[in-house]
Amino acid sequence: MSAEDAADRADDLDVLELFEPSLREWWVDEFGEYVGINDGFFTPPQKEAVPLIHDRENVLVASPTGSGKTLSAFSSIINELLVKSKNDELENSVYCLYVSPLKSLANDIHRNLEVPLEGVDEKAQDRGHDEVDIRHAIRHGDTSSNKRQKMLDETPHILNTTPETLAILLNSPKFREKLRTVEYVVVDEIHSLAEGKRGTHLSVSLERLEELAHGSPTRIGCSATVEPLDKMGEFLVGWDADEDEPRDYSIVDTRFVRDFDIKLHCPTDDLIHTPNDEIQDGFYTKLDSLIQDHENTLIFTNTRSGAERVLHNLRDRYDRYDETNSGCHHGSLGKESRKEIEEKLKRGDVDFVTSSTSLELGVDMPHIDLVVQVGSPKSVAGLLQRIGRAGHSLGQTVEGRVVALDRDELLECAVMLKKAEDGFIDRVFVPENAQDVLAQHVYGMAINNVRREEDTLDVIRSAYPYRNYSRDDWESLVRYLTASYEGMEDRNVYAKIWRDENDPPGGEYHYPEFETGETLVGKRGRMARPIYMQNIGTIPDSFSCDVFIRGTDDWVGDLDENYLEQLDKGDVFVLGGSNYEFKYRRGSKVYVDPTNEAPTVPSWFSERLPLSYDLGREILSFKRKMVERLGESEDAARSMLSDFPVDEDSVESILRIFDEQLRYAGEVSISTDEQFVVEEVVDNEAERRHYYFHSNYGRKFNDGMSRIVAHEASRRVGTNVKVSVADNGFALSLPSNRKIDVYDIIDSVRPENADGILREALSGSELLKRYFRINATRSLMILRNYKGRSKSAARQQVSSDMLINFAEDLEDFAVIDETYREVMEDKLDIEHVKDVLREIHDGELDVYAIAPESPTPMAFGIASLAASDVVLAEDEDEVLREFHERVMEAIGD
């Protein structure tokens with residue numbers, strides 16, 4: 001299409017007119033052919049965002065992958081830099097910071113910047129203008145010292161970086177001066193940062209940049225799938241402490257501008273009795289058919305081992321797949337292996353690639369036309385992020401297929417796909433008032449210069465996660481940073497800062513730029529800057545523990561510490577096909593006893609993502625509606641399911657689950673958004689009494705709730721209570737001669753005492769010990785790097801184990817308080833636990849305790865975790881069939 005024809009059909013010429021002539025010409029040449037698709041030269045997010053950014057408004061752009069949202073930011077910024085270049089106003093300094101969570105994303109954007117800049121330069125020279133000299137570069141942890149020095153001499157106008165490197169640059173004496181000219185900050189994939197401490201760290205860095213820069217930089221956030229938009233916008237722009245409200249910003253909400261074709265597949269209408277090899281045959285036959293019908297297929301699984309297994313089985317079953325046209329990509333593979341797969345994806349040289357989570361973000365994959373998700377991605381946001389990798393541009397339909405291989409995930413996926421079609425997205429929850437992150441920044445600010453305490457607090461409270469940061473929190477942090485607790489220096493924990501009033505003129509510590517008597521803070525120690533630079537960041541180191549049989553030197557294997565954190569004394573796990581009971585850990589060694597008891601923590605526990613709380617609530621609502629429809633007739637239930645994007649086998653399987661549950665135990669056995677069900681089942685053969693809590697609120701919630709309930713149960717029965725946790729509930733297990741009163745325990749656990757009970761339950765746990773080490777390291781209480789020496793994660797843990805008892809005995813100690821806060825709020829979802837307890841005690845959620853002879857169908861998944869004879873997957877299949885036969889026999893009777 002010619003430029004003239006394109007212009008006749010475009011309805012956004014007013015946006016195009018905002019560009020300088022050379023950029024405008026390049027844009028028309030580059031995107032004129034898409035005018036028919038976009039009804040203009042710009043995609044929907046670009047059409048809305050470009051004018052806002054041109055007017056220097058802060059803006060959050062929420063739009064699917066492939067819709068051009070990042071280019072909407074860069075095009076406006078390039079345009080402004082063109083104006084400066086034309087007027088000879090470009091200094092040798094940074095004007096735009098692009099911050100992304102992934103180095104690979106930064107690399108992709110770097111390449112994407114080269115195309116428009118080279119095109120604009122060509123157009124400018126065609127017009128007889130000078131060469132366009134807008135420089136751009138990448139700076140992250142792997143950037144060589146030679147390149148870093150070169151950036152000082154010839155500074156990029158657009159700098160691509162990561163949150164950690166930005167924090168280092170803010171403390172680099174020479175380069176921080178280059179940041180005073182920053183006018184724009186682009187934060188990409190903001191949702192993936194906001195929900196963790198990397199985002200918390202970044203939010204304070206942005207406020208430090210705000211204080212440093214000559215003017216207030218325009219902030220642009222880009223996200224594909226995020227909710228709530230207003231909270232993400234506030235996180236992006238920060239807080240106006242004087243007005244006690246967020247800074248001004250606009251939202252460009254074009255999240256649903258692409259057409260989705262999504263469907264749930266189930267390999268059989270009976271996931272219990274169909275032999276596993278038949279289910280696998282059906283699954284791989286369907287998968288092969290989908291791959292053959294598409295150009296490039298991306299297959300997501302929920303574990304790294306799953307990604308490797310699917311690749312191996314497809315190659316093993318079909319000669320057409322080999323190393324040349326298929327591959328696997330995940331974080332445990334070498335950098336070169338991942339890079340090779342990424343290049344093949346960009347060129348479209350593969351039939352399929354399997355992955356766990358490593359390809360959710362970054363890596364431009366224009367040829368992917370189908371995404372298959374094996375099992376549940378555990379949230380609508382996760383589903384949309386993954387299937388959004390297909391049809392990587394506007395005008396292409398996003399095609400995604402989800403395959404459910406067990407009954408629990410079948411319900412989960414059916415609801416998830418329906419909610420995705422309805423425009424529902426799970427909320428992102430932002431950690432608040434994290435003291436460990438703040439310890440780094442307060443130290444960093446003090447290293448740069450002596451400053452007023454109130455100025456430091458102003459910077460802190462301008463960051464969204466710290467908008468409610470209290471004076472008590474601050475005093476606690478300062479007591480730690482000034483080493484004001486007796487015994488700290490005896491344990492080699494030294495002061496990082498000093499705090500004091502400014503002396504009068506002539507006094508020993510007088511700073512003439514400040515008023516006499518003002519409270520000031522500054523750095524302590526000659527090594528402050530290298531300590532800060534070498535230990536900054538929030539991503540923890542990790543290690544594996546060697547496992548030994550207690551009382552011997554017999555080594556039985558190793559455990560990843562992510563898995564170890566789930567274990568409490570008495571928990572049973574499988575290693576090398578045998579069962580072991582966890583006794584204790586010393587440093588990086590774990591000591592166990594062999595046992596015939598059932599595993600209480602499945603081997604996949606630490607690797608799979610947890611079900612989102614919001615989706616869990618939607619599943620409970622779905623269950624209530626299904627019960628109501630089935631109360632009318634089966635046809636009414638089928639009619640309801642006909643609106644869901646699921647195949648016929650999925651419909652039959654879902655109906656079968658509800659039919660068997662209702663016939664076996666009645667409506668009172670199904671947890672919904674109006675009732676909470678607990679089953680009590682006695683296993684006479686194993687001499688165990690099991691309580692199955694049908695709490696479909698996700699694994700984080702259930703991990704928190706189960707610890708509270710188990711702690712209270714243990715106090716009542718005087719014995720250890722074993723706990724098994726899943727996404728759709730949890731199980732408590734105790735000897736069959738002991739019994740608990742479910743109503744009494746739930747009545748005693750209330751929103752107002754839940755925090756205290758959970759804190760008691762966590763004391764001494766491996767989970768607490770691990771997170772204390774991580775937070776002590778983040779807080780610079782333990783140094784990863786010092787005077788050229790590195791301390792491994794295992795040695796950090798040894799240091800941490802020696803400090804934790806000391807820390808627990810200190811009053812209001814910031815590092816231990818942050819450890820409890822992070823574990824309870826971020827890991828164990830205590831706020832939602834209290835919400836549900838509130839609903840129970842307010843009479844909005846009725847509790848029903850039932851006692852069937854055998855687990856009900858909707859408890860099968862939880863019950864199989866607690867079953868005494870489950871070691872391998874085949875054992876679980878056998879246990880499920882046995883449970884099912886008992887149910888069907890009872891229904892028949």
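**Close-up 1. Helix 29 and helix 32 cross roughly perpendicular to each other in this predicted model.** Helix 29 (residues 751-762) packs against helix 32 (residues 814-827) at an angle of about 105°, with the two axes 11 Å apart; because angles of 65 to 115 degrees count as roughly perpendicular, the pair is described in that way. Asp755, Leu758, Arg759 and Leu762 make the contact from helix 29, and Asp817, Tyr820, Val823 and Met824 make it from helix 32. By class, this contact comprises 5 nonpolar and 3 charged residues, with no polar ones.

**Close-up 2. Helix 33 (residues 830-841) and its buried residues.** The 12 residues of helix 33 should span 16 Å at 1.5 Å a residue, and this agrees with its end C-alpha atoms, which are 16 Å apart. Buried in helix 33 are Ile830, His832, Val833, Lys834, Val836, Leu837, Glu839 and Ile840, and the elements that cover these buried residues include helix 24, helix 27, helix 28, helix 29, helix 32 and strand 30. Just after helix 33, Gly843 takes a positive phi of about 80°.

**Close-up 3. An open sheet of 7 strands with parallel pairing.** The strands follow the order 3-4-2-5-6-1-9, with strand 3 (136-139) and strand 9 (250-253) as the edge strands, each pairing on one side only; from one strand to the next, the twist averages 15°. Strand 1 (residues 59-62) pairs with strand 6 (residues 218-223) in the parallel sense over 4 bridges, and Leu60 stands opposite Gly221 in strand 6. Helix 12 (residues 197-212) packs on the sheet, where it touches strand 2, strand 5 and strand 6, and its direction makes about 175° with that of strand 5. Helix 13 (residues 229-237) also packs on the sheet, touching strand 1, strand 5, strand 6 and strand 9, and its direction makes about 135° with that of strand 1.

Definitions and conventions:
Residues are numbered from 1 along each chain as its sequence is written. This is a predicted model: local features need pLDDT of at least 70, side-chain atom pairs count only at pLDDT 80 or more; totals for chains, interfaces and linings use all residues. Side-chain values use heavy atoms; hydrogens and water are left out. Axes are lines fitted to C-alpha atoms, for helices over the stretch in contact, and angles run from 0 to 180 degrees between N-to-C directions. Helices (H or I, at least four residues) and strands (E, at least two) are DSSP runs, numbered from the N terminus. Angles under 35 degrees count as roughly parallel, over 145 as roughly antiparallel, 65 to 115 as roughly perpendicular and the rest as oblique. Contact means heavy atoms within 4.5 Å. Ala, Val, Leu, Ile, Met, Phe, Trp, Tyr, Cys and Pro count as nonpolar, Asp, Glu, Lys and Arg as charged, and the others, Gly among them, as polar. The expected span of a helix is 1.5 Å times one less than its number of residues. Buried means under 20% relative accessible area, exposed over 50%, partly exposed in between (1.4 Å probe, protein chains only). Two strands pair if DSSP finds at least two bridges between them.
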